[in-house]
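Subject: Structure handover

Hello,

Here is the structure you asked to look at. Please open it beside this message as you read.

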Amino acid sequence: MRNLCSTWPLSITSKVLAIVRRSRHTRALVNLVVASATLLSADVVKVFNPQSPQARAIFDLAVIVIVVMVFIFAIVVGIVMYALLRFPRWREGERDPEQGRGNKTIEIAWTAIPLAIVAVLFVLAARTMGISDPRPPPKPDIVVIGHQWWWEARYTNSGIVVANEIHIPVGKPLALRLDAADVLHEFWVPELARKITAVPGHPNHIWIQADKPGTYLGFCSEFCGTQHAWMHFLLVAEPQAEFQKWEQAQRAVLFRSLRRGAGIVVQNVSESSATLIAGFS
Ligand SMILES: [Cu+2]
């Protein structure tokens with residue numbers, strides 16, 4: 001019987017390590033993985049801290065997908081490792097391994113199992129989309145417009161207009177319509193909702209909700225020009241009474257500005273947003 005405790009696994013390991021050390025691409029990949037892990041674990045991009053039913057549905061699906069992927073990865077790596085250990089390098093004069101030709105049971109299994117996995121993930125993904133992304137109402141609660149390099153938010157009921165700080169009442173889902181005044185931007189509050197692209201002339205919709213009062217950090221997550229990295233905003237969730245107080249204070253500011261004749265000019269937004277804006281002034 002062949003001795004499996006020979007030194008060849010060690011030589012394979014040292015060869016792999018040598019390749020990792022030598023290759024510029026591998027080093028870059030390792031750096032990228034380390035940087036991503038650092039960013040994800042930092043207190044900035046809180047994708048693993050869902051604070052709304054929409055974000056929780058996405059997080060739950062992500063956990064299921066990660067578990068399934070890790071399971072598949074472990075099986076594949078296990079099979080590869082078994083093959084490497086059980087069948088080391090073929091040497092001159094050795095017999096060829098037994099050649100298998102067609103095995104219906106195996107072929108059905110490796111077709112049916114991936115199909116079943118994909119079908120289950122499809123159903124779970126459709127369910128998650130139903131929770132995180134239901135049909136928007138005809139009139140949004142807030143119209144959010146991405147500019148280079150700031151965010152404008154227009155409240156359709158109260159008529160107030162704010163920049164880079166969006167207030168919402170706790171526990172209430174609000175419908176947001178996303179628009180862009182210049183180039184593509186991407187609206188993202190990692191703790192509360194999925195990413196959504198703001199496209200000039202093509203409004204998109206998203207629901208936003210927060211379970212707990214707090215200030216959540218939002219980002220533009222699509223490169224939109226030289227100052228993209230600074231295109232952050234705050235999403236402040238507060239109890240209904242405090243939200244109404246804030247809204248009244250903002251209305252007072254808006255009316256004082258309008259009385260002084262200050263105009264609000266926003267160019268290149270979609271026709272429907274322009275109608276809303278015209279309605280405010
Ligand atoms: Cu951007």
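The notes below go through the model, starting with how far to trust it.

This is a predicted model, in which local features need pLDDT of at least 70 and side-chain atom pairs count only at pLDDT 80 or more, while totals for chains, interfaces and linings use all residues. Residues are numbered from 1 along each chain as its sequence is written.

**Confidence**

pLDDT is the predictor's confidence in each residue, on a scale from 0 to 100. Its mean over the chain is 83, and 81% of the residues reach 70 or more. Two stretches stay under 50: residues 1-6 and residues 265-281. A contact here means that the C-beta atoms of two residues, placed from the backbone, lie within 7 Å. Counting contacts beyond four places in sequence, the model has one for residues 1-6 and 33 for residues 265-281. Where pLDDT is low, the predicted coordinates should not be read in detail.

**Overall make-up**

The chain has six helices and 10 strands. These are DSSP runs numbered from the N terminus, with at least four residues (H or I) for a helix and at least two (E) for a strand. Of the contacts with a separation of 6 or more, 69% are between residues 24 or more positions apart. Of the 281 residues, 21% count as buried. Buried means 20 or more other C-beta atoms within 10 Å of the residue's own, exposed means 12 or fewer, and partly exposed is in between, with C-beta atoms placed from the backbone.

**First sheet**

Two strands pair if DSSP finds at least two bridges between them. One open sheet has five strands in the order 4-10-9-6-7, with mixed pairing. Strand 4 (165-169) and strand 7 (196-198) are its edge strands, each pairing on one side only. Strand 6 (residues 185-188) runs antiparallel to strand 9 (residues 214-220), with two bridges between them. Across this pair, W188 stands opposite F219 and F187 opposite C220. Strand 9 is also antiparallel to strand 10, joined to it by five bridges, and G214 faces A237 there.

**Second sheet**

Another open sheet, also of mixed pairing, has five strands in the order 3-2-1-5-8. At its edges are strand 3 (161-163) and strand 8, each of which pairs on one side only. Strand 2 (residues 150-155) pairs with strand 3 in the antiparallel sense over three bridges; R154 is opposite V161.

A175 lies in strand 5 (residues 174-180). Is A175 buried or exposed? Neither: it counts as partly exposed because it has 19 C-beta neighbours inside 10 Å. Leaving out residues up to four places away in sequence, A175 touches P136, P137, P140, D141, H205 and W207. Its C-alpha atom is 9.9 Å from that of P134, which is 41 residues away along the chain.

**Helix 3**

What length should helix 3 have? The expected span of a helix is 1.5 Å times one less than its number of residues. For the 34 residues of helix 3 (residues 53-86) this gives 50 Å, and the end C-alpha atoms are 49 Å apart, so the two agree. Q54, A55, A57 and I58 of helix 3 are buried. The cover over the buried residues of helix 3 includes helix 4 (104-132) and strand 8 (204-208).

Regards
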